[in-house]
Amino acid sequence: MTRPADGPAAGSVDGWAGSAAGSVGAPAALHSVEPGPYGIPVSLRHVLDGALVAVKGGLRHIGALETIRREAARAVAAALPAAEAAQVSGALENAHRHADTGQIAAVRTDLETRLRPFSRTVLHDVARALEPQGARLYLSGHLGIRIMPPERSVGAGEEELAGLEGFLTPRDAHVDSWFNTAVNSVNLWMAVGPVRSGNGLLFYPDAYRRPLRHDGHTLVPGQEVGAPVDVELDPGDILLFAGDHLHASQPNSTDETRFVITKRLCVGVPRYPSGATGWVPYEDPRLWGTRWERWATWRSRLTPGGVRETLRTARHRRSGS
Ligand SMILES: O=C(O)CCC(=O)C(=O)O
Ligand SMILES: [Fe+2]
């Protein structure tokens, strides 16, 4: 069982390494589904109940994988000399062999700009492909470009790494709603390249929805959280998981740079925890392309969390002026 270097204390429960490809003995919490003629057969309620669901070939199903790869190749061509770019553009998993950390960081930033509009379409397409959920889906503007080189290829303390925890360097165990998301938020963790045991994401299913001590950002160490689970994905797979799962980047001990893109949606009206350190809105996509588009976040704003955020912003503005 792999465990993050500074991760939480091991629990007493035996761990397992599940494979989205369906390893023998994988526990009920991990499911693998195939998109079919009627779309993606996943119940998001089930996901909010704690299920980890790998949608096999989800990015291909909505026709997005090639566009993402093409934009990645352009970002690589813009950041690297031609000879190195030629080695990396088709296979970002080789990035660390031909690019230094600063160049990988530049690719990541550039790709974020290139993919921002398209990623909105990707999320919308996935939401439409999902079976009816019996609740309205609200879509977040969040876009995470997560390009994680092997740990040993990343020099400690390099200044270009500031603020890239979870995006280029590992992020310790956390629950997303501790800092900004809704508790009914679902993460789309989309594998552009291969995700392997040793470079993926770790989950602590035994800790799901349990009260945990944290600093508003990361789990306070030394708590019983059970054994971590890791998930393997093929390029194009989409892992759906509740953002309220305790999860952590697996420090990359493989020979490959791991490349994942993340988006988020909310099942029903967003519900924000009162103690969160930040806040993010989710949009109502029915207003996209209409003259009401600028009100697309109204349902998020008209929540206790949204009102708290408005007051917080007003306070900051007053104290800053
Ligand atoms: O990809 C990672 O390592 C971190 C991902 C994460 O924390 C998230 O998607 O919420
Ligand atoms: Fe997270």
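## Contacts and ground rules

Two residues are in contact here if their C-beta atoms, placed from the backbone, lie within 7 Å. This is a predicted model, so local features need pLDDT of at least 70 and side-chain atom pairs count only at pLDDT 80 or more, while totals for chains, interfaces and linings use all residues. Residues are numbered from 1 along each chain as its sequence is written, and chains are lettered from A and ligands numbered from 1 in the order in which they are written.

## Asn-187

Leaving aside residues up to four places away in sequence, Asn-187 touches Phe-241, Gly-243, Thr-262 and Arg-264. Asn-187 sits in strand E5, residues 185-191 (strands are DSSP runs of at least two E residues, numbered from the N terminus).

Asn-187 counts as buried because it has 25 C-beta neighbours inside 10 Å; the cut-offs are 20 or more other C-beta atoms within 10 Å of its own for buried, 12 or fewer for exposed, and partly exposed in between, with C-beta atoms placed from the backbone.

## Around ligand 1

Asn-187 also belongs to the shell of ligand 1, as do Thr-262, Arg-146 and Trp-189, among others. To be in that shell, a residue needs its C-beta atom, placed from the backbone, within 6 Å of the ligand. E4 (144-148), E5, E9 (247-249) and E10 (258-267) each chip in at least two shell residues.

By type, the shell splits into 3 nonpolar, 6 polar and 3 charged residues. Nonpolar covers Ala, Val, Leu, Ile, Met, Phe, Trp, Tyr, Cys and Pro; charged covers Asp, Glu, Lys and Arg; the others, Gly among them, are polar.

## Arg-209

Arg-209 lies in the loop between strands E6 (201-203) and E7 (229-230). Its phi is near 60°, a positive value in a non-glycine residue. Arg-209 counts as partly exposed, because it has 14 C-beta neighbours inside 10 Å.

Definitions and conventions. Helices (H or I, at least four residues) and strands (E, at least two) are DSSP runs, numbered from the N terminus.
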